[in-house]
Amino acid sequence: MTSEPGSTLRPAGLLERFHITRQLLGFDSCVICAAQYSSKLRLSPSILYPALGSVIHAHCALGVRLRFGHAGGPAFIRLGQVDLDRAVHYISEDIALETMLEAQFEEQFDTASDQPLWRLTILPDNTVIFAYHHGIGDGRSGISFHKALLSALSTLTTTPNHSPAHLISVPASAELSPAIENVTSLSPSWGKVFREVYDLFAPTSWSRGSSAWTGRSIPHNFTFRTNVKLIYFEPEAVAEFIGICRRHHATLTSAFFTLSHSVLSGIILPSESKTISSYIPISLRGIAGTSPDVFCDHVTAYHFYPPIQPDFSWADASGLASELRSQVTKSREEIGMLTFLFGKYESFFKGKLGTKRQGGLECSNLERVDLGNDATKGDWSIIRVIFAQCDVVVGAALKVNMAGDPLGGLTVAVTWGDDAVERSLVESFVVQLQDRFTAVIENGNNWGVNRAGIMHEA
């Protein structure tokens, strides 16, 4: 099927509309997936632009913008072309990566313009910061971008083109991946509906979140700033940690969340709270039959309330791994509940201002990037990957974002908003998280770790 520039490709789906509205209100800005490329060559426009042309031709989501004003809500429309001179920005000076990521989160997409819903920032060390609208892609879509870019760089000629084409035509036959509700059932069970209705109308003290730690409440006059702290764990340490996880029937996600939860628990004690309202995003690509290499917004989250517990336990990590496996199907209901908003997304988000924050801790894991045959092909490779997200106004107070690189290293981006939690708390959290990770590796085969970093029987 072909379409003319400016034609509607399809309406935004349930989850896409959720993310579009959140950004439109200024509550969110973008998702970031950055990667450092290794080569004897510099990612100059003469090399990058032809490769980007191939990526845009392969991924329709990179050639769309939004249209508003229709009764059915926002829709995706096809751009005629993408101007790379406007979408790609080069930084000549050495600036800390954390600072660059924070600057990207400050910059909103102008969804009323003729620009695509993404941008690139190229640093002197060949780090490519890919910032994109959550409406066109989930976290793994960022990995899809970098895998496609690496493949294009590895196959295209490296002969410098001093006048590379900066206007890339968007294929008329391009099609977006379907919305999640069109590839898997999202219908919530009656039990799920009852629980949500109960939490909505029951006295606040009776709700599951009443005694949960969620950081500071959401102010009416919020400050839109996303802070970033990066932690890097070497491949050898990560491999050893994962090995210990397997021996305890845990996963990297379940163990790292349990580690993060125990550290945060120790910091906020003593506290009137009894639990920490927590989220772990779950990819729906597998259950929806969606390729891992396409752009889509096919993600949900498991929301739960683990008791405040400052001691790390492998039993907790193992139990959470089992629970996450069982939640892959159930967690679809979280998106299905959006149908009960009846399109009133804006009122839903504005209604959160001045109320208790819903989430305290969120832990995301994009897992290790598998490059397959492209890992050793051509003059290019990827040596580091960073994933981070915004959503600081109404989202979880503290977000722990993990991404594994092809070499086996792990980068953790801790993000938070000025209104959500104190900087001193986050700085303490980052230091203790690194220390406790090291303690688990050194002594964690058969033991847990308490809040003082002392080993004890798990």
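## The loop around Pro270

Pro270 sits in the loop that runs between helix H8 (252-268) and strand E12 (275-276). The peptide bond joining Leu269 to Pro270 is cis, with omega at about -5 degrees. Keep in mind that this is a predicted model, so the bond geometry here, like everything below, comes from predicted coordinates.

## Two positive phi values

Glu367 isn't a glycine, yet its phi is positive, at about 65 degrees. You'll find Glu367 in strand E15 (residues 361-368). Its relative accessibility is 41%, and since the partly exposed class covers values between 20% and 50%, Glu367 counts as partly exposed.

Asp391 also has a positive phi without being a glycine, this time near 50 degrees. Asp391 belongs to the loop between strand E16 (381-389) and strand E17 (398-404). Is Asp391 buried or exposed? The cut-off for buried is under 20% relative accessible area, so with 9% relative accessibility Asp391 counts as buried.

## Helices H2 and H5

Helix H2 covers residues 45-58, which makes 14 residues. At 1.5 Å a residue H2 should span 20 Å, and its end C-alpha atoms turn out to be 19 Å apart, which agrees. Plenty of names go on the buried list for H2: Ser46, Ile47, Leu48, Tyr49, Ala51, Leu52, Gly53, Val55 and Ile56. And what do the buried residues of H2 pack against? The partners are strands E5 (81-83), E6 (88-90), E7 (118-122) and E9 (167-169), plus helices H3 (84-87) and H5 (139-155).

That brings us to H5, one of the partners of H2. H5 has 17 residues and reaches 25 Å from its first C-alpha to its last, close to the 24 Å expected at 1.5 Å a residue. Of those 17 residues, 13 are buried, so H5 is largely enclosed by the rest of the structure.

## Glu333 and Asn443

Glu333 has its place in helix H11 (residues 332-336). It's a buried glutamate, with a relative accessible area of 16%. Which residues does Glu333 touch, once neighbours within four places in sequence are left aside? The contacts are with Leu186, Ser187, Pro188, Ser189 and Lys192.

Asn443 lies in helix H13, which takes in residues 423-443. With a relative accessible area of 37%, Asn443 is partly exposed. If you pair Asn443 with Asn227, the two are 216 residues apart along the chain, and their C-alpha atoms are separated by 32 Å.

## The whole protein

Zooming out, the protein's secondary structure adds up to 13 helices and 20 strands. The radius of gyration is 22 Å, close to the 23 Å that the globule rule gives for 458 residues, so the protein is as compact as a globular protein of that length. Along the principal axes, the C-alpha atoms fill a box of roughly 65 × 50 × 40 Å. Out of the 458 residues, 56% are buried.

As for contacts with a separation of 6 or more, 80% are between residues 24 or more positions apart. The accessible surface comes to about 19,000 Å², and carbon and sulfur atoms account for 52% of that. On the charge side, there are 37 positive and 45 negative charges, and their mean positions are 5 Å apart.

Methods. Residues numbered from 1 in each chain as written. Predicted model: local features only at pLDDT ≥ 70, side-chain atom pairs only at ≥ 80, totals over all residues. Heavy atoms only, no water. Helix = DSSP H or I, 4+ residues; strand = E, 2+ residues; numbered from the N terminus. Rg over C-alpha atoms; globule rule 2.2 N^0.38 Å. Buried < 20%, exposed > 50% of the residue type's maximum accessible area, 1.4 Å probe, protein only. Contact = heavy atoms within 4.5 Å. Areas by Shrake-Rupley, 256 points an atom, 1.4 Å probe, with all protein chains shown as cover. Lys, Arg positive; Asp, Glu negative; His and termini not counted. Charge placed at Lys NZ, Arg CZ, Asp CG, Glu CD. Expected span 1.5 Å × (residues − 1).
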